Amino acid sequence: MHSGFLLSRAAGVLAILCSASAAHAQVIVTLNPAQPAVGRGDNVVVSVTLTNTSRTVQHLLRWRMPQQGLEAPLFDVQRDGQPVRYLGRRIKRAAPAPADYLQLAPGAALTHTIELSRFYEMSITGNYTIRYRSPAMPAPGTAAKAVVGELASNPVTIWIDGRLPRGSRTAILPDAAAPGLGFANCTNAQQGQLVSAMDAGRAMAADSQAYLSAGKPYGARYAMWFGAQDAARGAKVTANMTAINEAFENKPVRIDCDCDEPYFAYVYPTRPYTVWVCKAFWAAATSGTDSRGGTLLHELSHFDVVAATDDHVYGQSAAAELARSAPQRAINNADSHEYFGENTPAQASRSQAAGE
């Protein structure tokens with residue numbers, strides 16, 4: 001009697017599993033690339049279509065759907081036969097509630113277009129094979145053992161001409177102790193632009209350090225952003241620019257593109273060397289006033305282990321006035337360091353500044 005009960009119970013569970021699996025076999029997943037090959041710096045775009053071919057409503061977990069911002073590794077990606085690491089969020093969630101499910105009506109189709117290079121390491125040249133695959137999901141309103149079967153698409157192949165050569169071994173994030181530039185949540189196109197921005201910022205920092213190391217008097221460029229010459233203040237600015245240049249050259253700078261705010265960028269001063277870049281950053285030029293390169297110089301200066309600058313004032317007019325009225329604050333102002341590095345309008349003369 002006991003064994004009969006167990007067999008009956010097992011048969012019931014199996015029936016639930018088979019029913020769920022059979023039902024979700026009716027959700028057909030189709031993957032299509034926007035282009036079969038992408039050039040250097042181009043984004044990798046695919047569309048995923050889920051079609052309910054059954055006669056019943058299908059319930060699909062929202063966070064397992066291919067939405068604009070992936071919140072789970074929903075794609076299997078390989079480059080030249082080797083697995084490519086997922087770099088997006090991994091989230092601890094509570095058990096799904098009914099509101100967490102999307103209803104797909106009989107005959108209905110749902111299509112999402114997704115840029116993948118933000119979530120997978122795709123900066124290396126190679127042949128990429130991509131497949132959408134959502135693992136089994138708990139079914140709404142059922143026992144925990146009742147599951148929705150796996151959803152899997154057809155595989156597609158995309159040739160990517162990356163900014164790094166085929167066969168390169170690299171992590172998208174730099175080693176914690178090794179110098180170099182790493183990215184998080186940045187598309188291939190954004191990564192290319194950030195490499196240029198870093199080069200611009202590095203050139204600004206090197207030029208600034210060379211200017212300050214050439215000897216005194218510092219001249220008009222110094223006076224414009226840091227005020228009248230003073231030995232102690234000049235030494236502080238020189239030390240700051242030396243440290244900023246060192247950060248550009250020899251620290252593991254990581255740039256995170258996961259910011260939708262209207263400002264240029266932000267950092268946490270006690271968490272070197274990660275910089276979040278935001279909407280105004282992408283609207284800026286690579287060099288010049290309030291540029292991408294200057295923004296990176298500004299943000300690196302904030303780190304406690306670099307120059308520990310503050311944001312006393314923003315903008316060229318306010319920074320120039322700060323240099324005139326409160327030079328002791330100007331030498332600790334991030335925008336003052338940025339504008340000194342950008343040097344626009346150019347103040348190349350090293351003639352003696354007023355008040356020296």
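Glutamate 150 has a relative accessible area of 46% and is therefore partly exposed. The model is a predicted one, and this residue offers a convenient entry to its charged pairs. Side chains of opposite charge can pair when their charged atoms come close. A salt bridge joins glutamate 150 to arginine 133, with an N to O distance of 3.7 Å. The two residues are 17 positions apart and belong to distant parts of the chain: arginine 133 sits in strand 9 (residues 126-134), whereas glutamate 150 occupies the loop between strand 11 (147-148) and strand 12 (151-152). Arginine 133, at 25% relative accessibility, is likewise classed as partly exposed.

Across the whole structure, a search yields nine salt bridges. One of them pairs arginine 202 with glutamate 249 at 4.0 Å, N to O. Because arginine 202 lies in helix 2 (residues 188-213) and glutamate 249 in helix 4 (residues 231-250), this contact ties together parts separated by 47 residues in sequence. Arginine 202 has a relative accessible area of 23%, so it is partly exposed; glutamate 249, at 39%, is also partly exposed.

A further pair lies within a single helix. Glutamate 321 and arginine 324 are both in helix 7 (residues 316-325), three residues apart, or about one turn of the helix. Their closest N and O atoms are 2.9 Å apart, forming a salt bridge. Arginine 324 counts as exposed because its relative accessibility is 60%, while glutamate 321 is partly exposed at 38%.

The starting residue also belongs to a wider arrangement: Asp76, Arg133 and Glu150 are joined into one network by salt bridges that share partners.

Terms used:
Residues numbered from 1 in each chain as written. Predicted model: local features only at pLDDT ≥ 70, side-chain atom pairs only at ≥ 80, totals over all residues. Heavy atoms only, no water. Salt bridge = Lys/Arg side-chain N within 4 Å of Asp/Glu carboxyl O. Helix = DSSP H or I, 4+ residues; strand = E, 2+ residues; numbered from the N terminus. Buried < 20%, exposed > 50% of the residue type's maximum accessible area, 1.4 Å probe, protein only.
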